[in-house]
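Reader: I would like a close look at one part of this model, with the cut-offs behind each term. Start from the whole chain, then narrow down.

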Amino acid sequence: MACPLESHNSELLVAYAAGELEMEAAHALERHLEECPACSALAAGQAAVWKALDAWQAPAISPDFDARLYRRVRTEAPATWWRRLWRPLRPMPLFKVLPLAAAACMLLIVSVLLERPANIEPVAPRAETVRVDQVERTLDDLELLNQFDVASHTDSAHPNTM
Amino acid sequence: MTRMGDAAVALDYDVELMLRVKDGDSASFALLLEKHRGPVIHFLYRMVQEQPVAEELAQEVFLRVYRSRASYEPTAKFTTWLFRIATHLALNWLRDARSERGQERLDDGPVDHPSHQISDRQASVEQQMVHKVKLEEVREAVAGLPDKQRAAVLMHKYEEMDYGQIARVLACSESAVKSLLFRAYETLRARLAHMG
């Protein structure tokens with residue numbers, strides 16, 4: 001067989017140490033290991049690593065793990081559309097939110113600055129609509145006032161007639 | 001190699017369970033939790049090396065699975081998806097912890113080394129001490145690996161994932177995984193070969 005190290009196939013030695021090779025492939029490799037000190041050293045080292053990792057057991061899981069999880073699941077009430085919209089932003093740390101907020105502010109400022117005054121149409125003065133009946137009523141009022149003035153003058157000129 | 005490759009997604013029973021969760025079957029979620037709770041927490045523990053943090057991250061993993069039920073599409077093996085979430089959370093936590101602690105190494109501080117890690121309770125005190133020192137050496141060697149190499153080694157060693165699945169979890173090519181594992185095992189051999 002081709003030397004795994006020379007053929008850049010060192011994963012074969014890793015697989016051998018892990019006991020993952022088929023029997024035939026393992027025997028072929030073992031024959032090679034007998035005559036290749038470099039591969040033999042690597043395989044022995046890898047076997048030691050595998051054994052050392054085997055000894056590393058993870059601690060026991062807290063008995064209330066599931067209960068805690070289901071409590072959190074229950075608090076996941078049916079989300080309203082706005083809560084679903086907000087959710088991606090909610091756990092976002094400040095350093096991610098700040099650039100977004102700054103970008104939004106910049107966009108707002110630029111949009112205000114780009115609003116050209118020339119775009120504002122001058123407001124045309126509204127044409128006054130004059131109604132004939134209003135004019136007639138006003139003239140009538142004026143005439144009534146004149147008559148009232150005349151009457152008051154007459155009253156002041158002859159105070160004793162009352 | 002005898003490692004099981006990615007089975008067709010259609011044959012993945014976990015995918016079927018997840019599709020039932022999507023249809024509102026909470027019992028299927030309980031089954032998925034029962035089956036994957038241990039591997040996920042243990043993987044996260046070996047990644048972050050703090051049990052309370054590992055459990056908290058695992059809660060987030062399963063919560064995300066539950067939250068995503070409505071939009072779930074079986075495009076990959078369920079475990080690939082599950083460990084992608086777990087790895088993502090672990091790598092983020094490690095990055096944040098590093099930036100919080102500056103250059104302080106994660107393994108400098110006190111960590112939990114429960115006595116139950118010593119499998120042989122009948123061993124003498126001296127043997128227990130030797131065993132504890134060896135475990136500490138292993139733990140430190142793994143903690144010393146770059147984050148992605150560590151994730152690749154843990155998935156390869158403890159979850160028995162093949163290169164293809166690890167590549168899909170880490171969102172990289174198989175050759176990149178081979179390279180990650182080659183360098184990782186090279187480092188571990190340099191540190192742990194004397195323990196053989």
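Author: What follows goes from the chain to one helix, then to one residue, and ends with the partner chain.

This is a predicted model, so local features need pLDDT of at least 70 and side-chain atom pairs count only at pLDDT 80 or more, while totals for chains, interfaces and linings use all residues. Residues are numbered from 1 along each chain as its sequence is written, chains are lettered from A, and ligands are numbered from 1, in the order in which they are written.

Confidence comes first. The model scores ipTM 0.80 and pTM 0.69. Chain B has a mean pLDDT of 86 (pLDDT is the predictor's confidence in each residue, from 0 to 100). In chain B, 83% of residues reach 70 or more. Residues 1–6 of chain B stay under 50. Where pLDDT is low, the predicted coordinates should not be read in detail. Among the elements of chain B, helix 6 (residues 147–157) has the highest mean pLDDT, 97, and helix 5 the lowest, 89.

Now the fold. Chain B has 8 helices and 0 strands (DSSP runs numbered from the N terminus: helices are H or I, at least four residues; strands are E, at least two). Of the 196 residues of chain B, 32% are buried. Buried here means 20 or more other C-beta atoms within 10 Å of a residue's own; exposed means 12 or fewer, partly exposed in between, and C-beta atoms are placed from the backbone.

The part to look at is helix 7 of chain B, residues 163–170. Helix 7 of chain B is mostly covered, with 7 of its 8 residues buried. They are Tyr163(B), Gln165(B), Ile166(B), Ala167(B), Arg168(B), Val169(B) and Leu170(B). Their cover includes helix 4, helix 6 and helix 8 of chain B. Just after helix 7 of chain B comes Ala171(B), with a positive phi near 55°.

Take Val169(B). Why is Val169(B) counted as buried? Because Val169(B) has 26 C-beta neighbours inside 10 Å. Leaving out residues up to four places away in sequence, Val169(B) touches Thr80(B), Phe83(B), Arg84(B), Thr87(B) and Met155(B). A contact puts two C-beta atoms, placed from the backbone, within 7 Å. Trp81(B) is 88 residues from Val169(B) in sequence, yet their C-alpha atoms are 7.0 Å apart.

Next, helix 4 of chain B, residues 78–101. Helix 2 of chain B packs on helix 4 of chain B at about 25°, with the axes 10 Å apart. Axes are lines fitted to C-alpha atoms, for helices over the stretch in contact, and angles run from 0 to 180 degrees between N-to-C directions. The pair is therefore roughly parallel (under 35 degrees; over 145 is roughly antiparallel, 65 to 115 roughly perpendicular, the rest oblique). Phe83(B) is among the helix 4 residues in this contact, and Phe43(B) is among those of helix 2. By class, the contact has 11 nonpolar, 1 polar and no charged residues. Ala, Val, Leu, Ile, Met, Phe, Trp, Tyr, Cys and Pro count as nonpolar, Asp, Glu, Lys and Arg as charged, the others, Gly among them, as polar.

Last, the partner. In chain B, 37 residues are in contact with 31 residues of chain A. Helix 2, helix 3, helix 5 and helix 8 of chain B each give two or more residues to that side. The chain B side divides into 17 nonpolar, 9 polar and 11 charged residues.
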